[in-house]
Amino acid sequence: MFARKDKLFGFLLVLPSIIAVGIFVYGFIAWSVRVSFSDWKGLTPDYTFAGLRNYFNLFVDPRFHVDVRNTVIFTVVFVLGALAIGLSLAILLDQRLPGEAFFRSLFLFPMAISFIVTGVVWRWLMNPALSADRLSGFNLLFHNLGLDFLINQWHLTPNYGMAAIALPAIWQMSGYTMALYLGGLRAVPEELREAARVDGASEFQIYRRIILPLLWPVTLSAVIILGHISLKVFDLIIAVAGKQLPLDVPSIYMWQTTFDGLFYGRGASIGILLLISVAVLIIPYLYYSLRSEGEE
Amino acid sequence: MSNNSRISAFRQGRRYQARYLLLIPLILMTIFYLIPLYVMLVTGFKSFDEVSLQTMWNLPSGIHFDNYIEAFDKLKPHLWNSLIMVIPAAIISSIIGSINGFVLARWRFPGSKFVLPLLLFGMFIPYQSVIIPLAVFMKNIGLAGSIPGLVLVHVIYGIPITTLTFYGYYMTVPKELVEAAKIDGAGLIGTYWNIFLPVSAPAFVVVLIWQFTSAWNDFLFAVVLTGNKSWPVTVALQNMAGSQIIAWNVQMAGSLLAALPTLLVYIFLGRYFLRGLMAGSLKG
């Protein structure tokens, strides 16, 4: 290995990064926890210990209940939608059709765009006006195509408006899900399919019985990645709908209560709850994937 | 396509023909993916007189630049802010990532096995859990509301993904090369400079594009850490869209302007972008 002087030098090269991540990620998380245990309101920091009061208040806070419900609706629609579209597209592209490279990059291009741009455009596509002379966006398109039964109020739909917010998110992330699945499909050995064909299995049976079960690990990764995005969803909602209580989520509540309302203690506790929910999803996954990598 | 599968596809004759029907759903999905782009483009090219929500699907009567000119006028300082923030952020991030990735890939120091998972987790954290201390800290060091402050934040929170991307790439450099260099008496710096850096171009491209896109598209850090003079384009566009005064057609044109840099990067360097996504396939 390298000489001792070199090792020391190498360590000094990575040290600033380790310190920076240590402070800005782990130090700041600890600092946030401390704020979340305080009553800090207003512009001057106040770390007077208040125990778990902020957390208890959130658990009985109707707004936070709305947030949790909205996150669940968004997560279910977004994750299932992106998985279904992503898997279907991947299977279609796996048939080695002409133009495959074109389709592949086309389905991925929304990934290059910010949630803000996507949200601003979809806000006009999902224009909720219902009266015949004011129809626009998708509603107008449905009307022109004779699909009037599809006309709806999108994100203003009572109780389930959150499901409409998931649509632009699906638009943005389903191509990425497709790429994950396509990677998985390409890793299935051709001999396996050949053997099944020789045994007289139909293409449908080959997918159903052989290929889909092999794709479970990909589905798991996709669920984790998409799921953690939906827990953090923030700018997309702001861009589509602004700050509206029926479409509130923890990240928006956190932002408003902290930087508009100056309730730093409460804001920090929402941030920490978000961190815990992401950690519950991510840590077992990281543990599992790092361990299996180590075994290779 | 392997010869085997070509033959079997041929044997299956009719099934092979029927496959082309599968292009129909693909084309339908293509239309779905292009709808937002279509609306952005046609609305942008309409003249002010022909803009109406009720005719938003119609093609423009000709090519007019009214909407783009007005949107550009409003967004110009913020597009500039984004540009001068994103370029240093992407370059500095890549250099740091390369050095870290090299050291971690080639040398196990005590405790280095904890560094990777801790970095990896740092990639996933919701930034809401650090944003209050971050805002206080930036204010205390006098960088709140400034572009250099935002560059610093993107560089630091970019360390995990850039380091891990280079780490993964450098792990594929053949051991024999490193051994050969050592026999030649090369030290740490020499090994990096003569062996690793010259083969790093693909990883640099991936990380540069990744950091460019994520810093350009960021909203949360920008909205908390910058003021209206230093807003990058995402925050300015969001404010433009939230105001009642600015017409939706100008918003559409503004959206295209805000998306254009990353779209161009994607169109011209898409292959590398895809590779970057796969390398960073863990990050959302």
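These are my notebook entries on a predicted model with chains A and B.

**Entry: where the two chains meet**

I began with the contact between the chains. I found 85 residues of chain A in contact with 79 residues of chain B. Next I looked up which element of chain A gives the most to this side. That is helix 1, residues 4–36, with 18 residues. I then sorted the side of chain A that touches chain B by class. It holds 60 nonpolar, 16 polar and 9 charged residues.

I picked one residue of helix 1 of chain A, namely A:A30. Is A:A30 buried or exposed? I counted 13 other C-beta atoms within 10 Å, so A:A30 is partly exposed. A residue needs 20 or more such atoms to be buried, and 12 or fewer to be exposed. I also checked A:A30 against A:I272. The two are 242 residues apart in sequence. In space they are 9.5 Å apart, C-alpha to C-alpha.

**Entry: domains of chain A**

I looked up how chain A is divided. Domain 1 covers 23–60 + 263–296, and domain 2 covers 64–260. Note that domain 1 of chain A is written as two stretches. The C-alpha centres of the two domains lie 28 Å apart.

How many residues touch across the domains of chain A? I found 14 residues of domain 1 in contact with 11 residues of domain 2. On the domain 1 side, the largest share comes from helix 13 of chain A, residues 264–295, with 12 residues. By class, that side has 10 nonpolar, 3 polar and 1 charged residues.

**Entry: a helix pair in chain A**

I turned to helix 3 (residues 62–93) and helix 10 (residues 216–232) of chain A. They pack at an angle of about 140 degrees, and their axes are 9 Å apart. I noted the crossing of helix 3 of chain A past helix 10 of chain A as right-handed.

Which residues meet here? From helix 3 of chain A I listed several, including A:F74, A:F78, A:A82 and A:G86. From helix 10 of chain A, those they meet include A:A222, A:L226, A:G227 and A:S230. The contact of these two helices has 9 nonpolar, 6 polar and no charged residues.

**Entry: two loop residues in chain A**

I looked for positive phi values in residues other than glycine. A:R96 has phi near 55 degrees. A:W154 has phi near 50 degrees.

I placed A:R96 in the loop between helix 3 and helix 4 of chain A. I placed A:W154 in the loop between helix 6 and helix 7 of chain A. Then I counted neighbours. A:R96 has 11 other C-beta atoms within 10 Å, so A:R96 is exposed. A:W154 has 22 inside 10 Å, so A:W154 counts as buried.

**Entry: chain B as a whole**

I moved on to chain B. It has 13 helices and 0 strands. I found that 46% of its 284 residues count as buried. I also looked at contacts in chain B between residues at least 6 apart in sequence. Of these, 76% join residues at least 24 apart.

Chain B is divided into domain 1 (3–55) and domain 2 (66–279). Their centres, taken over C-alpha atoms, are 32 Å apart. I found 9 residues of domain 1 of chain B in contact with 8 residues of domain 2 of chain B. The domain 1 side has 5 nonpolar, 3 polar and 1 charged residues.

**Entry: helix 9 of chain B**

Which residues of helix 9 of chain B, residues 188–196, are buried? I listed B:L188, B:T191, B:Y192, B:I195 and B:F196. Seen down the helix axis, these buried residues fall within an arc of 110 degrees, so they line one face of the helix. On the other side of helix 9 of chain B, I found B:I189 and B:W193 exposed.

I then asked what covers the buried residues of helix 9 of chain B. The cover includes helix 4, helix 7 and helix 8 of chain B. It also includes helix 1 of chain A.

**Entry: B:N249**

My last look was at B:N249, in helix 13 of chain B. I counted 24 C-beta neighbours inside 10 Å, so B:N249 is buried. Leaving aside neighbours within four places in sequence, B:N249 is in contact with B:T43, B:K46, B:V51 and B:N67. I also checked B:L53. B:N249 and B:L53 are 196 residues apart in sequence and 8.9 Å apart in space, C-alpha to C-alpha.

Terms used: Residues are numbered from 1 along each chain as its sequence is written. Chains are lettered from A and ligands numbered from 1 in the order in which they are written. This is a predicted model: local features need pLDDT of at least 70, side-chain atom pairs count only at pLDDT 80 or more; totals for chains, interfaces and linings use all residues. Two residues are in contact if their C-beta atoms, placed from the backbone, lie within 7 Å. Helices (H or I, at least four residues) and strands (E, at least two) are DSSP runs, numbered from the N terminus. Ala, Val, Leu, Ile, Met, Phe, Trp, Tyr, Cys and Pro count as nonpolar, Asp, Glu, Lys and Arg as charged, and the others, Gly among them, as polar. Domain bounds come from an automatic or database domain assignment. The arc is that of the directions from the helix axis to the C-beta atoms. Axes are lines fitted to C-alpha atoms, for helices over the stretch in contact, and angles run from 0 to 180 degrees between N-to-C directions. A crossing is left-handed if the near helix is turned anticlockwise from the far one by less than a right angle, and right-handed if clockwise.
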